[in-house]
Amino acid sequence: MVKAIFIYAIILINLGKILDFFPQFAMLHLGKLALGAAAVYLLFFEPSAFWRALRGNALAPYLAALALLATFGVPFSVWRGGAWEGLIGYMKTLCIFIAVCALAQGGQASVARHAAIVAMGLLGTMIIAARGAEGAEGLMQRLHVSGTYDPNDIALFFVTFLPLAVAEALIGGKMMRVVGLGSACAAVVGIALTQSRGGVASLALVAGHALLMAGRRAWLLLPILLVGAWIFFNNADVRIWERFQDLGEQSDYNFTDRAGRLEVWREGLMLMAGHPLLGVGVGQFANALGMVGSGVYITAHNTYIQIGAELGVAGLVLYLAMLWRLRKIAVNGIKSPNSGDRMRSRGMLLALTGFAAGSFLLSLAYSPILYSLLALAALAHMERQRHAEAENAAAKKSAMRGADAAPITGRAATGRNTKVFRTSYSAARKHASGGSSLLASCAARRAQKKLLLELGDIRRSRQAPISDDKEQKP
């Protein structure tokens with residue numbers, strides 16, 4: 001119960017930015033207090049939780065390497081003081097990842113997933129309520145209710161966690177079905193209110209990817225997609241379509257202005273080429289662009305260019321490798337024999353698709369949106385690994401129990417032991433073919449090979465002459 005409270009507090013405050021709606025609590029630094037309280041609790045009651053969370057974490061090596069690059073790049077940054085502040089902010093985001101993994105491991109992964117979905121639902125609900133309070137004047141402006149997230153960030157947050165909410169609603173109980181579908185509807189309305197072109201394009205890409213993954217069963221997704229499209233079009237303002245029409249005209253600032261995306265991307269690639277080893281410093285893209293670039297202090301508006309310019313080419317390679325590892329975790333989960341795990345893994349893969357597409361237009365290399373998604377993926381991987389180890393241990397225990405139950409001296413005992421070993425072999429083979437990780441798969445295959453050898457001994461004993469007390473006929 002205590003762990004669940006800490007998980008909800010950390011995710012709601014740091015990911016959902018719920019306190020942005022209550023400025024009077026800003027001076028309390030409740031996000032830092034929640035992280036500190038969780039760390040103290042774990043140090044006193046579960047001091048090994050941090051080590052376990054990092055030891056079995058498939059994404060921890062990539063994050064550790066990125067943190068080292070960010071640290072080593074501070075002395076060589078274009079502005080050391082700014083790079084030091086950026087490093088502190090990045091370490092805070094890493095602490096969110098570590099704290100969630102340490103608190104939610106060992107059966108609490110579902111709590112972290114539900115907390116992220118609730119955070120999305122609460123943010124969407126508060127956005128709708130705030131927009132309704134603004135009246136007609138608010139409808140003519142882009143949604144901007146958070147001091148941390150701008151409208152494009154909010155839209156990408158919704159696009160990223162929307163597939164996870166739908167997946168949990170499809171496989172969860174009645175309460176989770178209500179919360180998941182309600183949060184998903186609030187997210188769709190929120191995307192429409194943000195008037196974010198990148199958010200709408202990413203949402204369409206996620207829907208297309210979902211249809212491709214469904215294959216012949218795509219018709220089952222059509223009711224969900226049609227309801228979502230109906231909600232979106234009923235809440236979308238005409239101004240969002242005007243913004244899309246501006247893309248084909250030269251009046252769009254992204255094509256003509258020095259602060260437009262095309263010019264900023266070109267300058268960012270030049271910064272990456274000029275600082276290929278350690279980059280310009282974590283969080284220093286805007287300062288580097290203003291000091292040694294075009295003279296305009298503006299963010300990269302592209303996560304890949306941002307991390308390549310700030311952490312160098314090695315940082316970009318590590319970042320892409322981390323996203324690819326996250327994809328492998330989701331793909332391995334889709335192959336799981338458990339239907340719930342398969343559905344959640346499909347949601348995770350769609351969430352990665354949405355973030356990877358949307359971050360092409362935003363600077364979110366160190367955002368809690370990404371690191372919360374990484375934490376959920378790492379927890380899913382550790383949960384599958386824990387289940388694989390438990391089933392492997394059960395298979396070995398069953399094999400040992402069958403071997404000790406009765407000696408192989410007659411046909412009846414031989415048949416009984418053969419049945420036990422065949423059952424254990426089936427469990428090991430099931431794991432070996434659908435393992436969630438390389439280590440679990442190797443362990444299952446070793447158990448499978450051992451059981452095959454023992455089963456071969458039983459079969460050979462069947463073919464041997466039976467030694468009874470009665471005298472054998474010649």
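Among contacts between residues at least 6 apart in sequence, what percentage join residues at least 24 apart? In this protein the figure is 76%. Keep in mind as you click around that this is a predicted model.

**The whole chain**

Start with everything shown as cartoon. You'll be looking at 20 helices and 0 strands. Color by accessibility and 48% of the 474 residues come up as buried.

**Stop 1: helix α5 and what follows**

Select residues 80-104, which make up helix α5. Put a distance between the first and last C-alpha of these 25 residues and you should get 36 Å, close to the 36 Å expected at 1.5 Å a residue.

Now step off the end of the helix. Q105 sits in the loop that runs between α5 and α6 (109-134). Is Q105 buried or exposed? With a relative accessibility of 12%, Q105 counts as buried. To see its surroundings, show A49, R52, A53 and L379: these are the residues Q105 contacts once you set aside neighbours within four places in sequence. For A53, try a C-alpha to C-alpha distance to Q105; the two are 52 residues apart along the chain, yet the separation is 6.9 Å.

While you're here, check the backbone of G106, just after α5, where phi is positive at about 75°.

**Stop 2: aromatic rings**

Next, switch on the side chains of Phe, Tyr and Trp. The tally of aromatic pairs comes to 11. Take F157 and F161 as one example: the ring centres are 5.3 Å apart and the planes meet at 75°, over the 60 degrees needed, so this pair is edge-to-face. Both belong to helix α8 (residues 151-171), and because they are 4 residues apart there, about one helical turn separates F157 from F161. F157 and F161 are both buried.

Another pair to pull up is F232 with F233, also edge-to-face, at 5.6 Å centre to centre and 85° between the planes. Which of these two is exposed, and which is buried? F232 counts as buried at 6% relative accessibility, whereas F233 is exposed, with a relative accessible area of 53%.

Before moving on, go back to α8 and add Y149 and F158 to your selection: ring pairs link Y149, F157, F158 and F161 into a cluster.

**Stop 3: helix α14 and two of its partners**

Two packed helices are described by the angle between their axes and the distance between the axes. Try that on α14 (residues 261-274) and α16 (residues 303-334), where the angle is about 20° and the axes lie 9 Å apart. An angle under 35 degrees counts as roughly parallel, so α14 is roughly parallel to α16. The crossing of α14 past α16 is right-handed. For the contact itself, show W265, G268, L269, L271 and M272 on the α14 side, and Y304, I305, G308, A309, V313 and L316 on the α16 side.

Keep α14 selected and bring in α15, residues 285-292. How do the axes of α14 and α15 cross? They do so at roughly 90°, coming within 11 Å, and the two helices are therefore roughly perpendicular to each other. Here α14 contributes V264, E267, G268 and L271, while α15 brings F285, A288, L289 and V292.

As a last selection, pick G268 and L271: these α14 residues are in the contact with α16 and in the contact with α15.

Definitions and conventions. Residues are numbered from 1 along each chain as its sequence is written. This is a predicted model: local features need pLDDT of at least 70, side-chain atom pairs count only at pLDDT 80 or more; totals for chains, interfaces and linings use all residues. Side-chain values use heavy atoms; hydrogens and water are left out. Rings of Phe, Tyr and Trp (its six-membered ring) pair if their centres lie within 6.5 Å; planes under 30 degrees apart count as stacked, over 60 as edge-to-face and the rest as tilted. Buried means under 20% relative accessible area, exposed over 50%, partly exposed in between (1.4 Å probe, protein chains only). The expected span of a helix is 1.5 Å times one less than its number of residues. Axes are lines fitted to C-alpha atoms, for helices over the stretch in contact, and angles run from 0 to 180 degrees between N-to-C directions. Angles under 35 degrees count as roughly parallel, over 145 as roughly antiparallel, 65 to 115 as roughly perpendicular and the rest as oblique. A crossing is left-handed if the near helix is turned anticlockwise from the far one by less than a right angle, and right-handed if clockwise. Contact means heavy atoms within 4.5 Å.
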